[in-house]
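Hello,

Here is the structure I promised to pass on to you. Have a look at it first, and then read my notes below.

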Amino acid sequence: MGRYSDESVVEHPHFMKEKLAEYENEIIAQLSKLDLSPNEAKILLYLMIYNSSTASEIAKLSGVARTDSYYYLSSLLAKGVLRTTFDRPQRYQALSYREAVEHLIKVKTGNLGSVSEKKEYYHGLKETDKDVYQVVVGKEPLVAKIDSLIKTAKKEITLLLSEEEIMILYRNNLIDELHKSVSRGVKVNIKTPSTNISNYIKSEVDTEQKISLEVINNSSPVGCMIFDGEEMITFIESNTKGFRDSGIRVFYTNNRKLISAFKVTTEKS
């Protein structure tokens, strides 16, 4: 019986072989979020399952061409998620899934921190702002966009949202960010047809300054958020399909005329 027969496979507790077909694509997709290419993620996953292997064996197991596998193995070694031996031929070993993910997260966090430190410097190099438009798709990009707009707002934030849209903010801790903006002097107004609004807009700290809440009669308000009258997000689609983010899509702009038109809508609601 060969080394990689069903009987001889060493099964990692997080990657049982019989579960591979079910979870392989999901695991590779998750690893790809940590700056691994699909082929790097595939090789790393197979090494976690089959343990110590040569480049030739890895190529056969993963389906990655042997000539390409050397490049990806070198890249994974450089990224710190593989080890290699002094044998001839060399054998490669992977960190455990937990160790690999924690390591990759630290590397990515460090890289993002470096970019963040430079953002103010490079911000001063941009051209004069022009009217821009953007469609943001998915929960993570949306949360990051709203979080940034809330944190940079200086005077006023106006929200005209359905209960479903408020729930998106609530589930992603953006209501907490609204409370923080109130504490630094930003006026926050929320209008919604939801009679349950007070259940979501609660603050852990009892302060004199509160978020202004208003329940309106309109059963289908325009889902929009206006920040200082200068930037705006409107929901195109907000169907979260039971916590999934594939149904979230918003439109962003800093066009003053368009924002003014939407502001009239919020004031009349």
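Let me start with a small detail: a polar atom of the Ser 53 side chain lies 3.2 Å from the backbone oxygen of Asn 51. Ser 53 belongs to the loop that links helix 2 and helix 3 (55-62). With a relative accessible area of 1%, Ser 53 is buried. Please keep in mind throughout that this is a predicted model.

Helix 2 is a good place to go next. Its axis and that of helix 4 come within 10 Å and cross at roughly 80°. An angle from 65 to 115 degrees counts as roughly perpendicular, so helix 2 and helix 4 are roughly perpendicular to each other. On the helix 2 side, the contact is made by Asn 39, Glu 40, Ile 43, Leu 44 and Leu 47. Helix 4 brings Ser 69, Tyr 72, Leu 73, Ser 75 and Leu 76. By class, the residues of this contact divide into six nonpolar, three polar and one charged.

Glu 40 turns up again among the salt bridges, of which the structure holds six. Its side chain meets that of Lys 79 in a salt bridge, at 2.9 Å from N to O. What does this pair tie together? Glu 40 is in helix 2 (residues 38-50) and Lys 79 in the loop between helix 4 (66-78) and strand 1 (82-84), so the salt bridge joins parts that are 39 residues apart in sequence. Glu 40 is buried, at a relative accessible area of 4%, while Lys 79 counts as partly exposed at 28% relative accessibility.

A second salt bridge is made by the side chains of Glu 177 and Lys 180, at 3.3 Å from N to O. Here both partners sit in helix 8 (residues 174-183), three residues apart, which puts about one helical turn between them. Glu 177 counts as buried, at 13% relative accessibility, and Lys 180 is partly exposed, at 48% relative accessible area.

Glu 177 also takes part in a helix contact. Helix 6 (residues 139-152) packs with helix 8 at an angle of about 10°, and their axes are 9 Å apart. Angles under 35 degrees count as roughly parallel, and helix 6 and helix 8 are therefore roughly parallel to each other. From helix 6, the contact involves Val 143, Ile 146, Asp 147, Ile 150 and Lys 151. From helix 8, Leu 174, Glu 177, Leu 178 and Ser 181 take part. By class, this contact of helix 6 with helix 8 has five nonpolar, one polar and three charged residues.

Helix 7 (residues 163-171) is worth a look too: Glu 165, Ile 166, Met 167, Ile 168 and Leu 169 are buried there. Just after helix 7 you will find Asn 173, with a positive phi of about 65°.

One more salt bridge before I stop: Arg 256 pairs with Glu 230, and their closest N and O atoms are 3.8 Å apart. Arg 256 lies in helix 10 (residues 256-268) and Glu 230 in the loop between strand 7 (224-227) and strand 8 (231-238), so this pair ties together parts 26 residues apart in sequence. Are the two partners buried or partly exposed? Arg 256 is partly exposed, with a relative accessible area of 48%, and Glu 230 is also partly exposed, at 40% relative accessibility.

Enjoy exploring!

Best wishes

Technical notes:
Residues are numbered from 1 along each chain as its sequence is written. This is a predicted model: local features need pLDDT of at least 70, side-chain atom pairs count only at pLDDT 80 or more; totals for chains, interfaces and linings use all residues. Side-chain values use heavy atoms; hydrogens and water are left out. A salt bridge is a side-chain nitrogen of Lys or Arg within 4 Å of a carboxyl oxygen of Asp or Glu. Helices (H or I, at least four residues) and strands (E, at least two) are DSSP runs, numbered from the N terminus. Buried means under 20% relative accessible area, exposed over 50%, partly exposed in between (1.4 Å probe, protein chains only). Axes are lines fitted to C-alpha atoms, for helices over the stretch in contact, and angles run from 0 to 180 degrees between N-to-C directions. Angles under 35 degrees count as roughly parallel, over 145 as roughly antiparallel, 65 to 115 as roughly perpendicular and the rest as oblique. Contact means heavy atoms within 4.5 Å. Ala, Val, Leu, Ile, Met, Phe, Trp, Tyr, Cys and Pro count as nonpolar, Asp, Glu, Lys and Arg as charged, and the others, Gly among them, as polar. A polar contact is a pair of N or O atoms within 3.5 Å; within protein, one must be able to donate a hydrogen and the other to accept it, and residues adjacent in sequence count only if both atoms are side-chain atoms.
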